[in-house]
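Dear colleague,

I am handing over the structure below, and I would be glad if you could look through it alongside my notes.

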Amino acid sequence: MTTFASAQSDAGTATFDLGSARALSCRECGHQIPLAAEFACAECFGPLEVAYDYPTITRSEIEAGPKSIWRYRALLPVPSDVTRIANTDPGYTRLVKADRLGAALGLRHLWVKDDTGNPTHSFKDRVVAVALAAARVLGFSVLACPSTGNLANAVAAAAARAGWRSVVLIPSSLEQAKILTTAVYDGDLLAVEGNYDDVNRLATELAADHEDWAFVNVNVRPYYAEGSKTLGYEVAEQLGWRLPEQIVIPVASGAQLTKVDKGFREFGELGLVEPTPYRVFGAQANGCSPVSAAFKAGVDVVTPVRPDTIVRSLAIGAPADGPYVLDAVRRTGGAVEDVTDEEVVAGIRLLARTEGIFAETAGGVTVATAKKLVENGKLDPDADTVLLITGDGLKTLDAVQDRIGPKATVPPSAKAVREALGL
Ligand SMILES: Cc1ncc(COP(=O)(O)O)c(C=O)c1O
Ligand SMILES: [Zn+2]
């Protein structure tokens with residue numbers, strides 16, 4: 001395991017003020033380069049990630065910070081005065097004790113991290129805020145992305161508020177709500193005839209030609225991905241400065257899962273929590289489950305698939321961080337599981353019915369996967385468990401609209417109401 005606090009630099013002095021971020025380090029061969037808008041290692045093409053000169057930081061310093069991801073700014077690749085220049089304050093969403101959902105699932109100590117409460121109603125506001133702050137320092141002025149939907153919302157909104165141009169590429173088959181809730185910010189939104197993996201390839205090609213475009217999840221991906229650590233930090237802080245014993249996380253590219261794990265490890269190494277053992281579980285939709293398939297087959301290679309699921313937000317057939325998800329899950333003793341579209345809808349409805357939280361399809365995947373993991377004995381019913389609910393159900397109404405509605409349509413009479421209710 002990497003000892004974060006003692007990582008050594010051979011990359012020279014950082015030229016950009018990105019706080020305690022010191023260099024970009026290859027996840028495969030460890031080669032380091034100075035901070036820049038790079039994402040692949042020149043030596044081995046492995047993915048680059050941010051390395052830090054970790055500061056000494058205390059719980060009370062964090063607690064005194066803003067009620068947003070910026071309370072953790074010392075552990076993010078953003079300038080020290082980020083709270084002055086940042087124009088969005090995502091994060092610090094609620095961690096809900098979920099006793100009624102827990103009873104339904106057979107988990108005695110369950111919490112839901114409700115990230116629907118972010119400015120554009122998904123966890124993507126976290127990663128985009130960090131990407132925008134870093135992109136500003138790196139000299140960009142256009143914010144771009146390929147997206148499965150939630151990222152499109154977050155990029156278009158953050159760019160609008162910053163007065164930046166945005167270029168957002170989405171698969172044309174995306175849910176109508178996600179298209180409208182991106183288009184409303186009036187950036188350059190293009191619907192591409194293809195699936196997400198086609199859109200992602202296109203973005204990589206464009207990023208090479210348009211050096212002034214910060215594609216948040218392509219050329220500034222190392223910075224962007226760090227934003228997901230804040231989900232791990234918040235869970236630990238909101239549990240009373242301790243790590244959960246089990247956590248279930250939806251997987252598309254896999255960045256979020258690997259960064260929540262990194263956040264937990266950093267908090268342990270920095271002495272902010274006891275480094276107690278925890279197990280990380282990945283959740284996928286059956287119609288796009290390449291990481292789950294690799295986990296179950298016991299292999300390290302994630303074979304790409306062609307997605308076919310109602311869970312469009314997680315429909316990445318060739319997940320960039322798939323192998324690192326497998327590493328994190330195997331290292332911690334967790335698992336990756338997948339569920340059918342029927343189970344996803346049932347998961348959305350169960351969470352709504354028991355906790356009053358309406359999640360998008362990715363949340364349905366998390367809840368349904370937790371159910372399956374309890375049933376197959378992989379989740380311990382007595383352990384402290386957290387489910388990450390990462391997006392809002394109002395964006396994926398299509399998934400439920402044919403199945404739910406009023407009990408009856410009645411005339412405005414008390415008698416008719418009583419009759420309809422069987423009273
Ligand atoms: C709501 C939601 N949850 C989870 C994810 C998974 O994120 P990652 O690509 O980091 O695995 C996504 C990705 O788009 C998403 O939209
Ligand atoms: Zn390398």
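What follows is an account of the sheets, one helix and one loop residue.

Please keep in mind throughout that this is a predicted model.

I begin with the six-stranded sheet, which is open and mixed in its pairing, with the strands in the order β4-β5-β13-β10-β11-β12. Its edges are formed by β4 (95–97) and β12 (335–339), each of which pairs on one side only, and from one strand to the next the twist averages 25 degrees. At the β12 edge, β12 runs parallel to β11 (residues 279–285), to which five bridges join it; within this pairing, F281 has A335 of β12 as its bridge partner. Helix α14 (residues 361–375) lies across β10 (246–250), β11, β12 and β13 (384–389), and its direction makes an angle of about 115 degrees with β12.

Another parallel pairing, again over five bridges, is that of β7 (residues 165–171) with β8 (residues 188–192), in which L169 stands opposite L190 of β8. Between these two strands the chain passes through helix α6 (residues 176–183), and the resulting β-α-β crossover is right-handed.

The helix I looked at most carefully is α5 (residues 150–162), where I wanted to know how the distance between the end C-alpha atoms compares with the expected span. At 1.5 Å a residue, its 13 residues should span 18 Å, and because the end C-alpha atoms are indeed 18 Å apart, the two values agree. This helix is mostly covered, since ten of its 13 residues are buried; the buried residues are N150, L151, A152, N153, A154, V155, A156, A157, A158 and A159. They pack against α4 (124–137), β6 (142–146), β7, α6 and α8 (221–226), so that both β7 and α6 of the crossover described above are among the contacts of α5. After the helix comes G163, with a positive phi near 75 degrees.

Finally, I would draw your attention to T93, which is found in the loop between α2 (82–85) and β4. Is T93 buried or exposed? Its relative accessible area is 4%, and because the cut-off for a buried residue is under 20%, T93 counts as buried. Leaving aside residues up to four places away in sequence, T93 touches K113, D114, D115, G117, N118, R126, E234 and Q238.

With best regards

Note on methods
Residues are numbered from 1 along each chain as its sequence is written. Chains are lettered from A and ligands numbered from 1 in the order in which they are written. This is a predicted model: local features need pLDDT of at least 70, side-chain atom pairs count only at pLDDT 80 or more; totals for chains, interfaces and linings use all residues. Side-chain values use heavy atoms; hydrogens and water are left out. Two strands pair if DSSP finds at least two bridges between them. Helices (H or I, at least four residues) and strands (E, at least two) are DSSP runs, numbered from the N terminus. A crossover is right-handed if, with the strands pointing away from the viewer, the path from the first strand over the helix to the second runs clockwise. Axes are lines fitted to C-alpha atoms, for helices over the stretch in contact, and angles run from 0 to 180 degrees between N-to-C directions. Contact means heavy atoms within 4.5 Å. The expected span of a helix is 1.5 Å times one less than its number of residues. Buried means under 20% relative accessible area, exposed over 50%, partly exposed in between (1.4 Å probe, protein chains only).
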